[in-house]
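Work through the exercises below with the coordinates open. Each has a task and a stepwise solution.

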Amino acid sequence: MVLLAVSYLSSCSAYPSHDYDDYSQEGTIEEIVQFARSTPESNSYVVSVVEFHPEPMTMPIAQRTDLHLAEYSRLIRSPEAKTADIIVFPELTLNSLSDTVFVPDPSHRIAPCDDHGTILVTLSCLAREVHKYLVINLSEQFYLQQQGKTVLYNTDVVFDRNGTVIARYRKYNLFKEPGTSVTSLPELVSFETDFGVHFGVFTCFDILFALPTLELVKHGLRDFVFPAFWTSEPPFLTSTQIFESWAYANDANLIVAGTNYGPSGATGTGVFNGRNGALLTHYTGQTTRALYTVTVPKSGAKNITRYHSLTSDVLEVPIAEPSGHRLPGYDYENVRLGRDFLEQFTTIQLNPIWEQETIGQIVCSGMFCCDFTVSLTVDAGRELTHHYRLAVFDGVRTFQGFADAHVSICGVIACANQSIASCGLMLQQNSEYLQFNSISISGQFIANGTLAMPSTLDMRMYSYDASHYGFTADVNYSSNSQIVTMNLTTPVSDMQTFGIYAFNHKEFEFYNPIELPGDDADKPDKDDDGGATTGAKPSATALLLGGALLTFWHLMISKKMATNMLGNDLFRKLTCGAKFTNKNKLPPKRKLESADTATVPKVKLILKEESDDDEQTVKRSVGSISVAENDVKHAEVKSEASSTDGSEDEQQKLPSQKTSNKIKQANLLRMNQLRNEHKIHVKKSRHSPEVPNIIETFDQLSTDLDVSNRLVSNILACYSKPTPVQMQAIPILLKTHSLHAFAPTGSGKTAAFLIPILHHLKKPMKCGFRALIICPTRELAKQIQREALRLGDEMNLRTHVIQTVDNPKKDDYSFNSGRNYDILVTTPNRICYLLAQNPPKIDLSNIQWVVIDEADKLFEDSKNSFRDQLDTVLTACNNPTKTMALFSATQTREVNLWVAKNVPNRIRFSVGLMNGAVELVEQKLLFTGSEAGKLLAFREMVAQGLHPPVLVFVQSKDRAQQLFTELIYDGLNVDVIHSDRTQRERDNVVRAFREGKIWILICTELMSRGIDFKGVNLVINYDFPPSTISYVHRIGRTGRAGRPGKAVTFFTKDDTVNLK
């Protein structure tokens, strides 16, 4: 007889900063007794799963790996593991990409213990010593001979009792693992054991995908070992929640060893026995290194499984408390949780005042609908500590940019308050004022390729026991649909989530193997891929039954709706509290505030008349200004004594003329005063038109410049008052004068050119593109598109960004294509490609507006220069009446010469100090001595406390990748963006950074131009900027829109020559 053993080890590290969770009173071995090893004839086998907290990456790599290996050895040799047949360790807790190992091909039957000197040798010898199967996750290096390069894999290695490598699985679905490679095709890896169990192997993020996981299920496997480093996303993708759901849906034994690292959100370990639920599970925020030993009934053994407590006997299991197998967790606040994309759901708030016998509600997301029936009881005497919503979603979701999946979801979710933003967060308290007596949820899901799972979560971050609910699926093969139903059968008052979560894996042949627990379902044929009914033709009886069930379900809904809802009641039932989303409408932008002008010293204004070569200038001083605004508005202007010469009419006209001239002069003085206050420096060439007056408020757009009330209303929803660049640029462009403007980063240049464009275009027309906005990067193009949609709300103008240029049908923008857009935002090389086609795939002949944003970048002399492409594009924009505008934060001679030659009639102005940094940024230089000192300095800043979001600039994509690899294990929510990442990855990283899911973003010059991240608190120049202009653009990512920011620049002794 053997006790369920739980071994907790304290840290023997030289870095004793962690107090490891310890259940010493409950988890000690009370008696070491004889045991019999599991055999093929046994109805069960014994498994140990390890929960392991790795040391931070700040520890020297070799020392860190040696310490982890010593801890692994202690766990493997511990008395608590003695009864186990197999021990499973978690993901990413032994070595790292900096000290990878070679793993032999399992077909070679190599036992590394016969060799010496590597991590693999030690592990092999341990397996041989304790005579157990070991499953270890390692960072592997492998040389691809045909390609002549070495790659790195995230690899699971299985040793048999003799220490021989019998299985090797290389993770296929990666999540936040830059530098790690994947195989060309997913590997299907499994291994046989001497106790008659055939295990499949996959790792962490793989569980959400068809390959390799569901393919292994189709091959008949029902026992899986699963190393994981899972970061939870309530309310549907918390670690132990998704593990238990997947095991239930596939009726499989899932053996999960989870990494315990709260700062990265990683926690969650357990053993899950298919439809019987969890045998053991643990979710905690405490730093933990523990080994748990559990007896697992073999799949298909038809055992009625009872749950294990910490002291239960694993061979003769007594009836335990329902919560005994769910170990208590602590310090949940230490676990950094993600959050699902709930704002895209259709939700209806469940109002406690609806307390009644049953509440019926149908909620739809597009054409996908879920039918909810809820019965609840409310204790009015208790505090209302949280709320609930009915939530439905159907569509494609992204997993932080690393993968996309089609999901269909029906559920009841908890929220901290009545806003959708409070849903999916850890609830701080529960007064148990509300009890759900029963819940029934049903929906019609796609059948083929869909894995539908029960999704439940209580306030301890655990799923409910399988005995608390019923879950069924009725498949109609002829219509490729299934009715999935989930029923709560036990009253609960601590619910966070209750629902159905379904993944639809398109083009993957698979049918959901769900049935009622305990039902005797028809067994598939032996040649039927293990029970997945792939390719099987259902019988006529099954087809008729499935069709009848589907028809019956629709009739019941129709009858229910017809009986209970008439007229307005029907509309109220379907729409009450529902959230309707206009896809083209983005949330209001945070209002911009310009710097306080009261503290800005006045300077003398100099107007410059420029020659065409932009070199010779004639200066004309208009003097110092001291006319107060009130004095100008209410000045009493007196005429001078008239001359006796001339006619009487002339003498009568003279006072009126003088009055008019004085008013004009006073107005000019006032405009110049305002320009001085806001540091607006205007330069005119001899061909330039008259410079319009600046605006002081956006209300002047409608009163003085005839801008529509609709557009002004949209502007005021985004901004409170114009910034200096907007004060001058908007009136110039509203007069359709060409413009060349320089203004600091974050000063609102995008709105300065979008507002005039939207005003002049007014409404959509079927004549092709009418406005062209050119910028250096696609990330900036997407940002400009979002701003155009925001400012043009309800104007129906169509703004387009060219995504790709490799689809002949989608990428035809010629006049005959029938595709109608009004505004095009893109990079010039994409347009050049379309213009180069025969015939050209884009028509720019109707372009009325050409805007070049970040003009200095487009003209810089480097391998990324767009000068030639820009000339090609402007040649195609052959409308002679077009208006051109160029904007940038810095100015270069090359740009000035080109503009003087090609846009002679422009007005040119700048805001602030030319090529200077924004005044709101606190700048600091930090000497680090050497390259190694940079990393130490960064970690010291982290230790002192960083205030996210933070941008870190490095010189190259290789440097970015190296720094990311160093920081990923420091417990920082960090990511990296550079040109080697795919466009989808870059888009999703940018979105995650905007949403606050990423705190520190490592980037190259790619992100220094024009990208507007709200509220960046700190910019770190990890590598010294190559030029003054580069420095200005980098630190310009903070201190934007009137908010203060901070910039720190690291420099070494090698950088001192560049300091000025």
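**Exercise 1.** Which residues is serine 702 in contact with, leaving aside its neighbours within four places in sequence?

*Solution.* The model is predicted.
- Step 1: the contacts of serine 702 beyond those neighbours are Val707, Asn709 and Val712.
- Step 2: take Val712. Its C-alpha atom is 7.0 Å from that of serine 702, and the two are ten residues apart along the chain.
- Step 3: locate serine 702. It belongs to helix α10, residues 699-704.
- Step 4: its side chain reaches the backbone oxygen of aspartate 699 at 3.0 Å.
- Step 5: assign exposure. Serine 702 has 26% relative accessibility, so it counts as partly exposed.

**Exercise 2.** Find what the side chain of arginine 222 reaches, and check for a salt bridge.

*Solution.*
- Step 1: arginine 222 sits in the loop between α4 and β9. It is buried.
- Step 2: the nearest side chain of opposite charge is aspartate 251, 6.3 Å away. A salt bridge needs 4 Å or less, so arginine 222 has none.
- Step 3: turn to backbone oxygens. That of valine 217 is reached at 2.9 Å. That of asparagine 250 lies 3.4 Å from a polar atom of the arginine 222 side chain.

**Exercise 3.** Classify the ring pair of phenylalanine 224 and tryptophan 246.

*Solution.*
- Step 1: the whole structure holds 37 aromatic pairs.
- Step 2: in this pair the centres are 5.4 Å apart and the planes are at 80°, so it is edge-to-face.
- Step 3: phenylalanine 224 is in strand β9 and tryptophan 246 in helix α5, 22 residues apart.
- Step 4: both phenylalanine 224 and tryptophan 246 are buried.

Note on methods
Residues are numbered from 1 along each chain as its sequence is written. This is a predicted model: local features need pLDDT of at least 70, side-chain atom pairs count only at pLDDT 80 or more; totals for chains, interfaces and linings use all residues. Side-chain values use heavy atoms; hydrogens and water are left out. Helices (H or I, at least four residues) and strands (E, at least two) are DSSP runs, numbered from the N terminus. Buried means under 20% relative accessible area, exposed over 50%, partly exposed in between (1.4 Å probe, protein chains only). Contact means heavy atoms within 4.5 Å. A polar contact is a pair of N or O atoms within 3.5 Å; within protein, one must be able to donate a hydrogen and the other to accept it, and residues adjacent in sequence count only if both atoms are side-chain atoms. Lys and Arg count as positive and Asp and Glu as negative; His and the chain ends are not counted. Rings of Phe, Tyr and Trp (its six-membered ring) pair if their centres lie within 6.5 Å; planes under 30 degrees apart count as stacked, over 60 as edge-to-face and the rest as tilted.
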